[in-house]
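Got the viewer open and a free hand for selecting things? Let's take a walk through this one together, a stop at a time.

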Amino acid sequence: MRQFFLGSLLAATAFAAFPVHAEVLGKDGLPAPVVDQLYKKHPNAADISALPKNHFKQELYQIHFKDGEESLIEYYRKNGHFFVSAPVIDPSGLLPPGTLENLKAEFPNHEIKEAIQVANPNGAGEEFDFTLDVSGTRWSVSVDGAGKITEKERF
């Protein structure tokens, strides 16, 4: 019994050491209600890609798409309801104190490729999503309103 427990603990520790891989979804990988709502709001949406995300304790999809010449990012709940539009921001401002230091501590020698501000539509607060390049590998990283890393996935 003790060997089983130790083996299970070792396996869990080894599993935790490997990074989680984010799956980039296309339009076909999204639930039908999400696609329906996206097209109701943006009938000409094209080049759709999405990442599953968690913000403000809600499971969401971060959807990147083009509407005409404009590139947009919107978040939708898994049931298809629109959550919020999110602007790409300059990461040198608007971030909670300690955010850049936390990113540097977790990802030395990273380059921020994209920073997105996610405002809470249900009240006060902001969270952030980053796309990082770390030695040729892309990472999707989420940060809460206090600058703490809450999710990190390699893709």
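Start by selecting strand 7, residues 126-134. Most of this strand is covered, with seven of its nine residues buried. Keep in mind as you look around that this is a predicted model.

**Zoom out for a moment**

Colour everything by secondary structure. You should find three helices and nine strands in the protein. Walking from the N terminus, the order of elements is α-β-α-β-β-β-β-α-β-β-β-β. The protein has 155 residues, and 36% of them count as buried. How many of the contacts between residues at least 6 apart in sequence join residues at least 24 apart? The figure is 47%.

**The sheet around strand 7**

Now select strands 6, 7, 8 and 9 together. These four make an open sheet in the order 6-7-8-9, with antiparallel pairing. Strand 6 and strand 9 (149-154) are the edge strands, each pairing on one side only. Turn the view to look along the sheet: from one strand to the next, the twist averages 20°. In general, the strands of a sheet pair through backbone hydrogen bonds, which can be parallel or antiparallel.

Let's cross the sheet one pair at a time.

- Strands 6 and 7: select 110-119 along with 126-134. Nine bridges join this antiparallel pair. To see one of them, pick Q117, whose bridge partner in strand 7 is F128. The two strands form a hairpin with six residues between them. Click on G123 in that turn, where phi is positive at about 155°.
- Strands 7 and 8: here seven bridges join the antiparallel strands. Show D133, then look across to R138, which stands opposite in strand 8. This pair is a hairpin too, with two residues between the strands. The residue to click in the turn is S135, with a positive phi of about 50°.
- Strands 8 and 9: select residues 137-143 for strand 8, which runs antiparallel to strand 9 and is joined to it by five bridges. Show V141 and K152 to see a facing pair, with K152 in strand 9.

**Into the cavity**

Next, look for enclosed space. The count of cavities of 30 Å³ or more comes to one. Its volume is about 50 Å³. To show what surrounds the largest cavity, select L51, K53, Q62, H64, E114, I116, D129, F130, T131 and S140. Strand 2 (45-55), strand 3 (58-67), strand 6 and strand 7 each give two or more residues to that lining. Which strand gives the largest share? That's strand 7, our starting point, with three residues. Colour the lining by residue type and you get three nonpolar, four polar and three charged residues.

**Over to the pocket**

Clear that selection and bring up the largest pocket, with a volume of about 200 Å³. Its lining is V24, S49, A50, L51, Q62, H64, K113, E114, T131, R138 and F155. Some of these names are familiar: R138 was facing D133 in the sheet, and L51 is in the cavity lining as well. At least two residues of the pocket lining come from each of strand 2, strand 3 and strand 6. The largest share belongs to strand 2, with three residues. By type, the pocket lining splits into four nonpolar, four polar and three charged residues.

**Two loop residues to finish**

Select K57, in the loop between strand 2 and strand 3. Its phi is near 60°, a positive value in a residue other than glycine. Is K57 buried or exposed? K57 counts as exposed because its relative accessibility is 89%, and the cut-off for exposed is over 50%.

The last stop is L94, in the loop between strand 5 (82-85) and helix 3 (99-106). L94 also isn't glycine and has a positive phi, near 70°. Switch on the surface and check this leucine: L94 is exposed, with a relative accessible area of 59%.

Note on methods:
Residues numbered from 1 in each chain as written. Predicted model: local features only at pLDDT ≥ 70, side-chain atom pairs only at ≥ 80, totals over all residues. Heavy atoms only, no water. 1 Å grid on protein atoms, 1.4 Å probe; cavity = no way out; pocket = protein on both sides within 12 Å on 5 of 7 lines; lining within 4 Å. Points joined across faces, edges and corners; volume = space filled by probe spheres on them. Nonpolar A, V, L, I, M, F, W, Y, C, P; charged D, E, K, R; others polar. Pairing = 2+ DSSP bridges. Axes fitted to C-alpha atoms, helices over the stretch in contact; angles between N-to-C directions. Buried < 20%, exposed > 50% of the residue type's maximum accessible area, 1.4 Å probe, protein only. Contact = heavy atoms within 4.5 Å.
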